[in-house]
Amino acid sequence: MIYTITFNPSLDLYLDIADFKIGQTNRTLSESYHLGGKGLNVSEVLAALGIDSTAVSFTGGFIGDEINKRIALKPYRSHLIPVSSLSRINLKFNDTEINLKGITICENDIAKLYDYLEILDKDDVLIISGKVNSELTIINDLCKYLYEKGIMYILDNYDITLDTLKYQPFLIKPNLDELHRLFNDDQKDISEALKELSDRGVKNAIVSMGKDGSMAVLDGIVYKCDPIAIECVNAVGSGDSMIAGFVGAYLLKRDHLKAYRLAAAAAMANAVSMDLPSFNDIKAFYHQVSIKRCL
């Protein structure tokens, strides 16, 4: 079974404002709410690929109640951990996003998570996504726990450090900004960074580069995925779709390159639509993906 963790899910409020002006009353032309959360997105794309998963998430308050209702309608299993703080609403309008801080994870909440994770065994996979609001060393401790239990896990998290990588995640997927922040070096060569990640214990890593495609180190070998000319409608969820594609394909075929190809196709399918991609959306891009080995 695949499990995903979303530490800080949200309701994303999309606003259509024709002529936004600071310091004045602005009225919307339309608005809509969407369920937000990186692990939840991964579970939904896995479902589109016909792969079962269980989405674990922390929610609280009246916003959390609404998030729970929307999760219940999704095509995946779920395990909800209630917290005392309030889940968040994020605002998205025009080219602007305002992401609220959201819930704060405390020791009692994490204890509930570990109680649940006792069901995992070496045939399971855990995908850890998003950012954690806490002063606790949650991500590092969780990676150590999974490493010691021999559980395959994927790490797509803002809070990792180079020291975390000694616990040998199966996959990490930073974007360029996150890669540079990880190494504390804005000029870090991507190929060199990928090789260093591999040397530090990461089994596989994909660096998403937006319109420039992506690069990856897969089982110690560096590859480049060339970009395809598309009109990007919505980049939100592309990284989550990429993770779902990689993990889903790898578990089915145990082939790193096929997994990377499906990952790239899923990310592109996501980018051309306001919704998360369907199986047919992803399939349409699969044979367009071009991957080459870097010397």
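How much area does the protein expose, and what share of it do carbon and sulfur atoms supply? The exposed area is about 14,400 Å², of which carbon and sulfur atoms supply 49% (Shrake-Rupley method, 1.4 Å probe). The model is predicted: local features need pLDDT of at least 70 and side-chain atom pairs count only at pLDDT 80 or more, whereas totals for chains, interfaces and linings use all residues. Residues are numbered from 1 along each chain as its sequence is written, and side-chain values use heavy atoms, with hydrogens and water left out.

The secondary structure comprises nine helices and 14 strands (DSSP runs numbered from the N terminus; helices are H or I of at least four residues, strands E of at least two). The radius of gyration, taken over C-alpha atoms, is 19 Å, close to the 19 Å given by the globule rule for 295 residues, so the protein is as compact as a globular protein of that length. That rule is 2.2 Å times the number of residues to the power 0.38.

Of the 295 residues, 50% are buried (under 20% relative accessible area, 1.4 Å probe, protein chains only). The largest nonpolar core (buried Ala, Val, Leu, Ile, Met, Phe, Trp, Tyr and Cys residues joined through side-chain atoms within 4.5 Å) has 45 residues, and Phe7 and Leu197 have the most contacts inside it. Helix 4 (residues 138-149) contributes the largest share of this core, six residues. Apart from this core lies another, of 37 residues, including Leu171 and Ala259. Beyond its neighbours within four places in sequence, Phe7 is in contact (heavy atoms within 4.5 Å) with residues including Phe58, Ile103, Ile138 and Leu142.
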